[in-house]
Amino acid sequence: MQRFEIYRPGVFWFFILALMSVMPSTTFGQAEGEPAGETGDTAAPASESASRALVWTGTGERSLTQSFPESAVWLELEEGDRALGLFYPEARLPARGAVLVLSDEGETAASGLTGPLAAGLASRGWAVFSLGLESPSPVLSEVLMRPVVEKPATEAGSGEQEASESVMIDVMASEGADDLEARYRSRINQMLQAGLALLVERGYETPAVLGVGRASIHVTNRVLDGADASALVWVAPEFYPVDRSDLPERLASLGMDLLELYPSGLVDDKSDWSIGMRLRRAGMSGFERQPIPWVSPAPESLGDGVASRVAAWLEFRER
């Protein structure tokens, strides 16, 4: 009995020592395996970084179809692509007309200012078709916001050769960026064109087009490209550097009524560019500026007030 009592503690400590010798090796094996696992996890984002440059956030199609099943309309675009918009029929008859609304950057066809704006116009007798504006990816955003730099004049001789080589390098480096920008703008242009066609098919001839914030330049480009629209409206417009440099000159011969609703707290700086002021000084016919209360980001409560301004201006110009 005594020999058994002495032997049992010995066996116990033997197993304890065996376990202690096994645990470090297991931990060491896991430590060796972790970097390989981490490398596999980090390698995927690195390999996807190039493709992510082409990706921008969507416009909430799934949630819109669930929230507005009767208003959601799919637009067929090029290469089998589709875009979702919301149709708001006029709440008063006879219909005053129709307005195509493009949301501010990153907003859906019903979020932000767009939903209340569309509902407010519809309640005042205007049919509305609203579209969301996808946010560009960070890479594309840098491309769109790059400043416009004028190339300095080069000297003759060897300077011309160096300058030409530099220009060739710059052109080759910017080809990918230009392709991203072209595809982004092309898709938005297709959406606007399809949205206008939808309104015409439903019996609304020559709708007005309205852009909120960054969307202002996209609706403007659609009009300048020959869209059959009756009027152009900017709500708190913001423009990319590459667009704003020559936009007043492009709009000077537009021959279409243009309303700019600008934030009332914005002070025009004559030393800086102001498309609205430049258009006014140029004497553009049919151009009007009106201040509106504004907070950035704009709350939904401002939507009906903006709709009231837009509806009043559209009705006045028809008299």
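Which hand does the crossing of H3 and H10 have? The crossing is right-handed. The model behind this report is predicted.

**The chain as a whole**

The chain has 319 residues, and 39% of them count as buried. Its secondary structure comes to 10 helices and eight strands. Take the contacts between residues at least 6 apart in sequence: 75% of these join residues at least 24 apart.

**Helix H3 meets helix H10**

Two packed helices are described by the angle between their axes and the distance between the axes. Helix H3 covers residues 114-123, and helix H10 covers residues 303-317. They pack at an angle of about 45°, and their axes lie 7 Å apart. H3 and H10 are therefore oblique to each other. On the H3 side, the contact is made by Pro116, Leu117, Gly120 and Leu121. H10 brings Gly303, Asp304, Val306, Ala307, Val310 and Ala311. Sorted by class, this contact has seven nonpolar, two polar and one charged residues.

**Two covered helices**

How much of H3 is buried? Seven of its 10 residues are, so H3 is largely enclosed by the rest of the structure. The buried ones are Thr114, Gly115, Leu117, Ala118, Gly120, Leu121 and Ala122. Their cover includes H10 and four strands: S2 (82-88), S3 (97-105), S4 (126-133) and S5 (208-212). Just after H3 comes Gly125, with a positive phi of about 95°.

Helix H6 spans residues 215-224 and is mostly covered, with nine of its 10 residues buried. Among them are Ala215, Ile217 and Val219, but also His218, Asn221 and Arg222. Gly226 follows H6, and its phi is positive, near 110°.

**The nonpolar cores**

The largest nonpolar core has 45 residues. Which residues have the most contacts inside it? They are Phe129, Leu232 and Trp234. Helix H5 (residues 158-201) gives the most to this core, with nine residues. A second, separate core has 31 residues, including Leu86, Ala110, Leu210 and Leu302.

Trp234 deserves a closer look. Set aside residues up to four places away in sequence. Trp234 then touches Gly211, Ser216, Thr220, Phe239, Leu247, Leu251, Leu258, Leu259, Glu260, Leu261, Ile275 and Leu279. Two of these partners, Ser216 and Thr220, are buried residues of H6.

**Two arginines**

Is Arg187 buried or exposed? Its relative accessibility is 13%, under the 20% cut-off, so Arg187 counts as buried. Arg317 has 26% relative accessibility and therefore counts as partly exposed. The table puts both residues side by side, leaving out contacts with neighbours up to four places away in sequence.

| Residue | Helix | Relative accessibility | Contacts |
|---|---|---|---|
| Arg187 | H5 | 13% | Leu77, Asp81, Arg82, Ala83, Glu134 |
| Arg317 | H10 | 26% | Ser230, Ala231, Asp257 |

One partner of Arg317 is Asp257. Arg317 and Asp257 are 60 residues apart along the chain, and their C-alpha atoms are separated by 8.2 Å. Arg187 sits in H5, the helix that gives the most residues to the largest core. Arg317 lies in H10, the helix that packs against H3.

Terms used: Residues are numbered from 1 along each chain as its sequence is written. This is a predicted model: local features need pLDDT of at least 70, side-chain atom pairs count only at pLDDT 80 or more; totals for chains, interfaces and linings use all residues. Side-chain values use heavy atoms; hydrogens and water are left out. Axes are lines fitted to C-alpha atoms, for helices over the stretch in contact, and angles run from 0 to 180 degrees between N-to-C directions. Helices (H or I, at least four residues) and strands (E, at least two) are DSSP runs, numbered from the N terminus. Angles under 35 degrees count as roughly parallel, over 145 as roughly antiparallel, 65 to 115 as roughly perpendicular and the rest as oblique. A crossing is left-handed if the near helix is turned anticlockwise from the far one by less than a right angle, and right-handed if clockwise. Contact means heavy atoms within 4.5 Å. Ala, Val, Leu, Ile, Met, Phe, Trp, Tyr, Cys and Pro count as nonpolar, Asp, Glu, Lys and Arg as charged, and the others, Gly among them, as polar. A nonpolar core is a set of buried Ala, Val, Leu, Ile, Met, Phe, Trp, Tyr and Cys residues joined through side-chain atoms within 4.5 Å. Buried means under 20% relative accessible area, exposed over 50%, partly exposed in between (1.4 Å probe, protein chains only).
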